[in-house]
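I opened the notebook today to look up a handful of local features and to write down what I found for each.

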Amino acid sequence: MRVDAVTLFPGMIDSPLSESIVGRARAEGFLELGFSNPRDFTEDRHRTVDDKPYGGGTGMLMMAEPVYRALKKVKKRGSFVILMTPKGRRFDQSVALELAKKKHLVFICGHYEGIDERITPLADMQLSIGDYVLTGGEPAAVAVIDAVTRLIPGVLRKGDATVNETFTDGLLEAPHYTRPAVWRGSKVPEALLSGNHKLIADWRISQAKQLTGEARPDLAAAPAPVKVPAKRGRSAKKK
Ligand code: 6GU
């Protein structure tokens, strides 16, 4: 998959997405990540990208033209353009699964108080990652790109489960434990040590239901669980 970000601060996206699984996905060519900086498309001596809002108000706005040109540079036929804004649709796993099917995503990241409203119609979707205000769309784009990248076939290896994980079946996952069986007096639940697969599966389901009901009653009440990604290769688990 190809992803481009229109941003004044490419380092805010490039750096966190150079580590761990996404870093490896880039190195192996599963994800091609590029940047287009509106500042590179200005023509004045100061390379101005922002201006005061009409009608008054605090803060500065990103001007439409440099953003438009930066977008035009990377947008092709078939690109899916996403405007990152706290006013957007709330990002969740079902949106991640939807975006993982696209060939090319372009993220427009606002900074300061946002972008001139006339940029909005250029986007196919507006996305927010939650009800709080960030300094810009960049950290939000990082979260979205991370969640989408791990769904690209081949990115996760055997042992990096995508099937029975939190949110894909509409439930939070049961708690996990690793060695030692007793750690500072705290024991691993008996069922997990039993070696009885049926008992373990039943324990996990009951824990997941209980945990979801307590921590996320909204999820517990939700009707339609999202679909799991297509299974593939040796990492696919029979169910
Ligand atoms: Cl996409 N942008 C900003 N600035 N703040 C946010 C957000 C996006 N999503 C949640 N908060």
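Where is Pro-53 found? I worked from a predicted model throughout, and there I located Pro-53 in the loop between strand E3 (50-51) and E4. Leaving aside its neighbours within four places in sequence, I listed Thr-58, Gly-59 and Leu-61 as the residues in contact with Pro-53. I also looked up the distance between the C-alpha atoms of Pro-53 and Glu-113, which stand 60 residues apart along the chain, and noted a separation of 9.2 Å.

Entry on the cores. I looked up the largest nonpolar core and found that it has 34 residues, those with the most contacts inside it being Ile-13, Met-84, Leu-99, Leu-105, Phe-107, Leu-127 and Ile-145. At least two residues of this core come from each of E1, helix H2 (20-27), strand E5 (79-90), helix H4 (93-99), strand E6 (104-109), strand E7 (125-128) and helix H5 (138-149). The most is given by H5, with seven residues. Apart from this core I noted another, of 16 residues, including Met-62, Ala-64, Ile-119 and Ala-123. I set beside this the general remark that in soluble globular proteins nonpolar side chains tend to be buried together.

I then took Leu-105 by itself and, leaving aside its neighbours within four places in sequence, recorded contacts with Met-1, Arg-2, Val-3, Asp-4, Phe-80, Ile-82, Leu-99 and Val-148.

Entry on helix H3. Which residues of helix H3 (residues 64-74) are buried? I listed Ala-64, Pro-66, Val-67, Ala-70, Leu-71 and Val-74, and I found that the buried residues of H3 pack against E1, strand E2 (32-36), strand E4 (61-62), E5 and E6.

Entry on Ser-128. I found Ser-128 in strand E7, and I then asked whether Ser-128 is buried or exposed. Its relative accessible area is 4%, and since buried means under 20%, Ser-128 counts as buried. A polar atom of the Ser-128 side chain lies 3.1 Å from the backbone nitrogen of Gly-130. Leaving aside its neighbours within four places in sequence, I recorded Thr-85, Pro-86, Gly-88, Arg-89, Arg-90 and Phe-91 in contact with Ser-128.

Entry on the surface. I looked up a nonpolar patch on the surface and found that Phe-9, Met-12 and Tyr-112 form it, with about 240 Å² of accessible area together. Phe-9 lies in the loop between strand E1 (2-6) and helix H1 (11-14), and at 30% relative accessibility I entered Phe-9 as partly exposed.

Entry on backbone geometry. Which residues have a positive phi although they are not glycine? I noted Arg-47, with a phi of about 50°, and Arg-184, with a phi near 50°. Arg-47 is found in the loop between E2 and E3 and is partly exposed, with a relative accessible area of 39%. Arg-184 is found in the loop between E8 and strand E9 (186-187), and at 76% relative accessibility Arg-184 counts as exposed.

I closed with the peptide bond from Arg-179 to Pro-180, which I recorded as cis, with omega near 5°; Pro-180 lies in the loop between H5 and strand E8 (182-183).

Terms used
Residues numbered from 1 in each chain as written. Predicted model: local features only at pLDDT ≥ 70, side-chain atom pairs only at ≥ 80, totals over all residues. Heavy atoms only, no water. Patch = residues over 30% accessible without salt bridge, like charges linked within 9 Å, V, L, I, M, F, W, Y side chains within 5 Å. Areas by Shrake-Rupley, 256 points an atom, 1.4 Å probe, with all protein chains shown as cover. Salt bridge = Lys/Arg side-chain N within 4 Å of Asp/Glu carboxyl O. Helix = DSSP H or I, 4+ residues; strand = E, 2+ residues; numbered from the N terminus. Buried < 20%, exposed > 50% of the residue type's maximum accessible area, 1.4 Å probe, protein only. Core = buried A, V, L, I, M, F, W, Y, C linked by side-chain atoms within 4.5 Å. Contact = heavy atoms within 4.5 Å. Polar contact = N/O pair within 3.5 Å; in protein donor to acceptor, adjacent residues only side chain to side chain.
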